[in-house]
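Biologist: Thanks for making time today. Could you walk me through this structure, one question after another?

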Amino acid sequence: MEIQLAVFDLDGVVVNTDEFHFLAWEQVLLDKWGIRHTRQAEELTKGIPRYTCMELLAEHYHIDASPEELRRVADEKNLAYQNLLRTRLSDKQILSGIPETLRLLREHGIPTALASSSHNAPFIVEKLGLKFDFCVDPDSVAHGKPAPDIYLAAARRFGLPPEACVGVEDAASGMAAIRGAGMFCVGIGVPAMGGGADAAVSSTDQLPGVFGALLGLPPALNWAAGFSAALAAPAVPTVGTTVRRLSHMAGFFGDQPAVRALLERGEDPVIYEFHELAAPEHPGDLSFGITTLYPGGIGGECYMTKGHFHRELDTGEVYYTLRGSGMMMTENMDGVVRWFPLSPGSAVYAAKGFAHRMVNTGDEPLVCFFAYRADAGHDYRTIGISGFRRRVFRRGGKIEIEAAHTHTKEEPQ
Ligand code: PAN
Ligand code: ZN
């Protein structure tokens with residue numbers, strides 16, 4: 001399929017607010033009837049509208065109350081929940097892999113929509129700074145999940161046929177809604193493993209890999225799905241992702257007024273990101289991954305990685321370029337400077353004892369595979385304090401390498 005729109009459920013897919021639901025029920029059950037709510041009873045309420053939850057809990061705890069009273073308490077629970085969202089919601093509730101998935105889709109120009117039955121959805125995504133192109137209003141559709149209405153409304157908004165859309169859900173009723181709409185269904189967790197999804201994953205950190213495959217990325221560039229390893233321990237390797245924005249390395253660029261001006265305008269571009277197979281830091285193991293360094297410049301100076309010595313100074317590293325063009329700038333403690341061109345298919349060996357940094361001199365992302373001794377460690381301080389001896393500029397299409405006059409004053413991270 002050629003994917004043109006990605007539609008997400010919210011709770012259990014994008015965020016996990018289970019704890020807030022539990023705390024809100026705990027509070028109202030205690031206030032109203034002196035009941036001590038349990039995690040076990042909370043299980044009954046997962047993914048169910050609040051009035052139905054209240055009925056189930058009333059039965060479970062043998063609560064004798066009129067339907068009106070139950071509805072009132074359910075509304076109080078919602079107020080308590082909203083209060084927790086206002087006061088306690090933070091990045092911690094964003095499920096792993098979601099920021100990467102949204103970024104991947106944005107980079108490929110695929111719009112995103114939210115199809116949540118919850119009226120709290122717009123507040124949650126707004127507060128967490130998650131960007132979706134559209135949020136379906138649950139009141140605008142005639143039937144809730146498992147009816148397909150909410151997913152069809154998302155497709156309609158973008159004028160797309162359902163076959164061009166992918167829906168993501170964790171609950172059985174949501175997956176039924178996606179399938180009923182005729183969309184490609186990505187399911188997460190136990191219900192999905194039991195069937196009913198076109199692609200089933202055990203957790204959200206696999207979503208970038210799934211979308212990478214749907215976008216037709218070559219395996220080499222689909223970092224999330226492309227890494228696997230037979231490690232002694234842990235049995236399941238994890239991929240660690242690091243994103244470095246301008247604000248993380250503001251002191252590294254020579255033109256400090258230009259850096260400040262950008263940051264003051266609220267612009268904080270992503271300079272590079274790297275995805276690394278988190279091998280245990282044991283002698284004999286290798287760490288490997290992919291760095292994507294974006295194209296761009298500040299005051300003419302090309303985007304670059306921070307660069308570092310290895311803590312185990314006598315440790316070399318291999319870089320293999322998959323895409324883009326640039327250079328590997330290296331220097332050792334004695335001030336010997338060497339640089340090497342990076343272009344697809346070229347392998348560069350950053351020799352032991354040399355600090356190394358990638359520089360993107362082209363117009364597209366520079367993507368390199370790297371591999372090095374897992375217990376080498378990183379020393380950002382030594383080279384961060386003095387700065388590299390050479391800076392790389394691109395002016396009027398020409399690449400110029402200049403001796404650095406300024407030194408980094410900031411404490412490197
Ligand atoms: C690479 C680098 C990666 C990011 O994995 O760590 O490209 O560059 P900085 O670490 O300089 O920010 C590597 O060289 N590891 O040893
Ligand atoms: Zn290194």
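**The ligand and its surroundings**

Modeller: Gladly, and please keep in mind that this is a predicted model. Let me start at the ligand: between a polar side-chain atom of Thr291 and an oxygen atom of ligand 1 there are 2.8 Å.

Biologist: What distance separates the polar side-chain atom of His310 from an oxygen atom of ligand 1?

Modeller: His310 also points a polar side-chain atom at an oxygen atom of ligand 1. The separation given for this pair is 2.9 Å.

Biologist: And which residue has a side-chain N or O atom 2.6 Å from an oxygen atom of ligand 1?

Modeller: Arg244, Tyr272, Tyr319, His378 and Tyr380 come nearest among the 16 residues around ligand 1. The side-chain N or O atom at 2.6 Å from a ligand oxygen belongs to one of these, Tyr319.

Biologist: How much of the surface of ligand 1 does the protein bury?

Modeller: Taken alone, ligand 1 exposes 390 Å². With the protein around ligand 1, the buried share of that area is 99%.

Biologist: Which elements give two or more residues to the shell around ligand 1?

Modeller: The shell residues divide into 6 nonpolar, 7 polar and 3 charged. The elements that supply two or more of the shell residues are strand 8 (270-277), strand 13 (317-323) and strand 18 (366-373).

**Strands and sheets**

Biologist: Let's stay with strand 8: how many of its residues are buried?

Modeller: Strand 8 pairs with strand 9 (residues 286-293) in the antiparallel sense, over 6 bridges. As for cover, strand 8 is mostly covered, and the buried count is 8 of its 8 residues.

Biologist: Which residue of strand 9 stands opposite Glu273?

Modeller: The two strands, 8 and 9, run antiparallel to each other. Opposite Glu273, in strand 9, stands Thr292.

Biologist: What is the strand order in the open sheet of 6 strands?

Modeller: The pairing in this open sheet is parallel. Strand 3 (134-135) and strand 6 are the edge strands, each pairing on one side only. Reading across the sheet, the order is 3-2-1-4-5-6.

Biologist: Where in strand 2 is the bridge partner of Ala6?

Modeller: Strand 1 (residues 5-8) and strand 2 (residues 112-114) run parallel and are joined by 3 bridges. The partner of Ala6 in strand 2 is Thr112.

**Some residues up close**

Biologist: Is Thr204 buried or exposed?

Modeller: Thr204 sits in the loop between strand 6 (199-201) and helix 10 (207-214). The cut-off for buried is under 20% relative accessible area. Thr204 has a relative accessibility of 6%, so Thr204 counts as buried.

Biologist: Which residue offers the backbone oxygen that the side chain of Thr204 reaches?

Modeller: Leaving aside residues up to four places away in sequence, Thr204 touches Gly12, Val13, Leu95, Ser96, Gly97 and Ile188. The backbone oxygen, reached at 2.7 Å, belongs to one of these, Ser96.

Biologist: Which side chain does Asp375 join in a polar contact of 2.7 Å?

Modeller: Asp375 lies in the loop between strand 18 and strand 19 (378-379). Its relative accessibility is 15%, so Asp375 counts as buried. Outside the four places on either side in sequence, Asp375 touches Glu281, His282, Pro283 and Glu312. The side-chain partner at 2.7 Å is Arg373.

Biologist: Is Asp334 buried or exposed?

Modeller: Asp334 is found in the loop between strand 14 (326-332) and strand 15 (337-342). Over 50% relative accessible area is the cut-off for exposed. With 69% relative accessibility, Asp334 therefore counts as exposed.

Biologist: What separates the C-alpha atoms of Asp334 and Ile35?

Modeller: Along the chain, Asp334 and Ile35 are 299 residues apart. In space, their C-alpha atoms are separated by 71 Å.

**Helix 5 and the whole chain**

Biologist: How many residues of helix 5 are buried?

Modeller: Helix 5 spans residues 98-107 and is mostly covered. Its buried residues include Ile98, Glu100 and Leu105. The buried count is 7 of its 10 residues.

Biologist: Which residue with a positive phi follows helix 5?

Modeller: The phi in question is near 70°. The residue is Gly109.

Biologist: Last one: what share of the residues of the chain counts as buried?

Modeller: The chain has 13 helices and 21 strands, and its C-alpha atoms fill a box of roughly 80 × 50 × 45 Å along the principal axes. Of its 413 residues, the share that counts as buried is 49%.

Methods:
Residues are numbered from 1 along each chain as its sequence is written. Chains are lettered from A and ligands numbered from 1 in the order in which they are written. Side-chain values use heavy atoms; hydrogens and water are left out. Helices (H or I, at least four residues) and strands (E, at least two) are DSSP runs, numbered from the N terminus. Buried means under 20% relative accessible area, exposed over 50%, partly exposed in between (1.4 Å probe, protein chains only). A polar contact is a pair of N or O atoms within 3.5 Å; within protein, one must be able to donate a hydrogen and the other to accept it, and residues adjacent in sequence count only if both atoms are side-chain atoms. Contact means heavy atoms within 4.5 Å. A residue is near a molecule or strand if one of its heavy atoms lies within 4 Å of it. Accessible areas come from the Shrake-Rupley method with a 1.4 Å probe; for residues, only the protein chains shown count as cover. Ala, Val, Leu, Ile, Met, Phe, Trp, Tyr, Cys and Pro count as nonpolar, Asp, Glu, Lys and Arg as charged, and the others, Gly among them, as polar. Two strands pair if DSSP finds at least two bridges between them.
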